[in-house]
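Good morning, colleagues. Please take a moment to look at the sequence and the structure on the screen before I begin.

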2 protein chains.
Amino acid sequence: MRLNTLIAALASTALVAPAVAAPLDAPTINRIADQSFQHSQVMQTAAYLTDRIGGRMTNSPAMREAEKWTQGQFKGWGLSNVHLEGFEFGRGWWIENASVRMVSPRPITLRSIPIAWTPATTGTLSAPIIVAPMAKERDFAEWRGKLAGKIVLVTYPAPAKDDEAAAPFKRLTRDDITRINKVEQPDLDPDFDKPRYERTVWPRKLDAFLKAEGAVAWARMSYRDNGLVHGEGYRYQVGDTAALPGVEIAAEDYRRLARLAKTGPVTLEINSNVHFVDTDTKAYNVLADLPGSDPKAGYVMAGAHLDSWVAADGATDNAAGSAIIMEAARILKAIGATPKRTIRFALWAGEEQGIHGSDAYVRQHLATRPLNADPEKAALGPSFNSRTYPVTKLPGYSDLAGYFNIDNGGGRLRGLYTEGNFAAVPMLKDWLSPFEGFDATSVVAAKTGGTDHVYMQTVGLPGFQFIQDPLDYGSRTHHSSVDTYDHLRATDLRQAAVILASVLLSAANSDKPIPAGTTPTQPNDTDPFRYKDPSKD
Amino acid sequence: MRLNTLIAALASTALVAPAVAAPLDAPTINRIADQSFQHSQVMQTAAYLTDRIGGRMTNSPAMREAEKWTQGQFKGWGLSNVHLEGFEFGRGWWIENASVRMVSPRPITLRSIPIAWTPATTGTLSAPIIVAPMAKERDFAEWRGKLAGKIVLVTYPAPAKDDEAAAPFKRLTRDDITRINKVEQPDLDPDFDKPRYERTVWPRKLDAFLKAEGAVAWARMSYRDNGLVHGEGYRYQVGDTAALPGVEIAAEDYRRLARLAKTGPVTLEINSNVHFVDTDTKAYNVLADLPGSDPKAGYVMAGAHLDSWVAADGATDNAAGSAIIMEAARILKAIGATPKRTIRFALWAGEEQGIHGSDAYVRQHLATRPLNADPEKAALGPSFNSRTYPVTKLPGYSDLAGYFNIDNGGGRLRGLYTEGNFAAVPMLKDWLSPFEGFDATSVVAAKTGGTDHVYMQTVGLPGFQFIQDPLDYGSRTHHSSVDTYDHLRATDLRQAAVILASVLLSAANSDKPIPAGTTPTQPNDTDPFRYKDPSKD
């Protein structure tokens, strides 16, 4: 959409809906749009983060470079109080280079990636494979005594699916938004964290079993087809080093290995030249402020995570969000905005390993809650320490008037999730009302999980996330080897910067506070007559 | 679809349409279905060709292995007259291993493939890149004097497209079949071969220009996104060796290079360890017969090309077709079919470089026509020698009663293209009439090009091609790095074998001959008042 179309849309909205009063005056919104459409830096920011720096795994050399570069950008644009806030995370890890090659029965290079935080091979490791699909400890019995000296293919080689249903690149229709506008009530099983716990400790058990059996390495199959790989892994704590090198192999290549293994011996060569970095186990959030005129009015905040996986360049996850946050900061500074409340911009670290950065911010500034009573679980990261009680507010709790998160890929903004906060819906609708011309005025009370608004929201603060057009985030780019700049769209990111800057300024200037949630207390089981169905195990 | 569903479909067809009489008795069709559904070998055949042998470029060691193995299979199943027929083609070429790595401004391995029949690098070649998009000779002027010592990126780095329109995996609806049932009249521009000629000689001109300018290698961008590569190249004649190594780079990786080149120097390392094979410049078609009871009745034939490109394993293009052809042969032998006419099975070579194998068969057995009067064009392959006159029939011309080609991926058969042969429509419909239960009864007179029925059809013989469900052939697998066995579907290939075997037997036993086309003579220009539009050049 072009600027004059937007202006026309704004004008017509004003004519037909005079009762809706956004707290921003029209010239301010239009100056924001002018900055974003005519003087944009958002794609240059995204390009530097992706093309130049590349994948930014927490505590890796690339993430350190990104922490430094983004601070420089904020400072260069005139933001205040630009600084890092450290929190204990674990080790860095990075891939210098790596390859997996089938050498027998015929030579062919496979598409692959080392699994994060698995150890290097010592030079090139050559060994026969065995296909030994394992999903639970009970599966170990079948393979005991058969794995010595082998590269173990641990995934069931599930066949490809016929993806006839939908195009991989998608924008939300009005019907789609109606569908997501559904508030699900929580199902408060006291054992709620059991599946997550089992998923989290399974790789550790498998690695220990493989090591005990004398296996030399392991491989898993990519969960997407068409040659894409991902490489997520989670053993980032010092002292928790996995025993065996692990690789993820593209589905087509993995299935070929599994078929060939039915007809005769198959030998692989794995070269995983990866490195741990233990020099600084702290990860760092990047923070920058646009100071408010009223130091007692508190602040509003927008955030996105700067860290990524490394199969590609972390473009849609989440250089896009980071670039939008930075661009909103640049724009507001460029137009000389003087908000009542401070506007704080946050680029989080450690999101991909369990939302560490924003959790650390909450615990440092907003509210604390006990660690999990089980010390093993307590060590597994924020998600195991997020349903403990009581929640104790810190002095800074009431200073945060609202938090806005961006982490749903590179698509344009279509509205906001209030994350269960019904009371905030009308106010947020008012603030989005100028953007009917972008079809970006939807406010839904539904909850979303898995990113950096969550721990604001779980201590009762007004933490929101933007609705975005999915593009090919779910189908292709999320965590994958094609998460590159190409999958971003300049018009989408520029649109997003306009809306974010406007909403932040509305929030910062609002006479009324954004309604907060309720500070949570220990919930009841919502189904006290619950039984476990043994057939589901 | 399961066997009893098919039988039910056949029974109901017989009830509602008693006037339609296929020349096969019901027990024969049902025994074919039983062989294909209960005793299938088609996926084992496809797996050997793809997983075990892999990509089968004409005259490469893998293609030689496939020629040998397929003959062994035909012989093992009891086919007769199993033999190779050679024709002059050119050199073999194969990739031992290869890689392209960006080393500056940051190290990253790129997805790439050497372009077929380009020469090897001597070890690892390291050089800076220059992005110099060139599409015509007139573009050379801009880059003259700027390419010495460079790896030249010759493709315009076109941005990614929003592929919102359709799912990548598709089956044909009735509406789709109605849409393809359209006969287009030819547009007989006397300069019809100019665009093809220019496309064919352009890589030669570009290579010569790059060499003269002192460039050290060149790279082009993949024409598909999402990390796929292809690697087609066409300089397979001895004495026509390209001067420079060439590689194709995945679109995401290529565009990243192009963006980085706007901000500073970029250095690549290319290692292309490829080999020419000049020991035997003949390519070989594989032929096998199921002998007919009447030696004077001639023969019907089915064919698919055995050769492929090598970015993956040539599964949908065209191990699928080859496996269907071979399976139909196995089935007909297994049920003890005794056709009146001989049924000949052909696995063609050199299809991917311009339909050489079936063209050679036509010229050896069926009809000849002069070579192009321009000797440069004459040397460029069959497509430049296919509109020359007169067509001279050989003694074997009238022996070929019908040819059926399979080369549209791994999808099930949905009917037949008669390729402009209107007269054949009713007879072919009769033969397909048992297969309403597979929605495989469509016969359309439309023409398709680019594969091995073409040169039968252009000398007036009844050369047909099957309509197939596209699956993800057009969107993803055709020539690409994911053309693997996984993208085949066992139920589709088994269905195809049933229909092919039935149609071949119907054709071999038919009392009436399949109506042939007309032996072509020099056509008139269909628009004698044609002018060239200079803005289109």
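I shall speak about the two chains, then an annotated domain, and then a pair of helices.

Please bear in mind that this is a predicted model. I begin with the relation between the chains. A turn of 180°, with a shift of 0.0 Å along the axis, lays chain A on chain B with an RMSD of 0.0 Å. The two copies are thus related as by a two-fold rotation axis. Which residue of chain A comes closest to the rotation axis? That residue is A:A167, whose C-alpha lies at 1.9 Å. As for the interface, 100% of the interface residues of chain A are interface residues in chain B as well, so the copies meet through the same surface.

I turn now to the domain. An unreviewed UniProt entry carries the annotation "domain: Peptidase M28" for residues 285-501 of chain A. Over that stretch the chain is 29% helix and 20% strand, and its end C-alpha atoms are 21 Å apart.

Finally, the helices. In general, two packed helices are described by the angle and the distance between their axes. In chain A, the axes of helix 3, residues 42-53, and helix 9, residues 315-334, come within 9 Å and cross at roughly 140°. Helix 3 of chain A is therefore oblique to helix 9 of chain A. The crossing of these two helices of chain A is right-handed. Helix 3 of chain A contributes A:V42, A:T45, A:A46, A:L49 and A:T50 to the contact, while the residues from helix 9 of chain A include A:A315, A:S322, A:I324 and A:E327. By character, the residues of this contact are nine nonpolar, three polar and one charged.

Methods
Residues are numbered from 1 along each chain as its sequence is written. Chains are lettered from A and ligands numbered from 1 in the order in which they are written. This is a predicted model: local features need pLDDT of at least 70, side-chain atom pairs count only at pLDDT 80 or more; totals for chains, interfaces and linings use all residues. Axes are lines fitted to C-alpha atoms, for helices over the stretch in contact, and angles run from 0 to 180 degrees between N-to-C directions. Helices (H or I, at least four residues) and strands (E, at least two) are DSSP runs, numbered from the N terminus. Angles under 35 degrees count as roughly parallel, over 145 as roughly antiparallel, 65 to 115 as roughly perpendicular and the rest as oblique. A crossing is left-handed if the near helix is turned anticlockwise from the far one by less than a right angle, and right-handed if clockwise. Two residues are in contact if their C-beta atoms, placed from the backbone, lie within 7 Å. Ala, Val, Leu, Ile, Met, Phe, Trp, Tyr, Cys and Pro count as nonpolar, Asp, Glu, Lys and Arg as charged, and the others, Gly among them, as polar. UniProt positions are given in the numbering used here, feature names are shortened, and annotations may be inferred rather than shown by experiment. Copies are superposed by least squares on the C-alpha atoms of residues with pLDDT of at least 70 in both.
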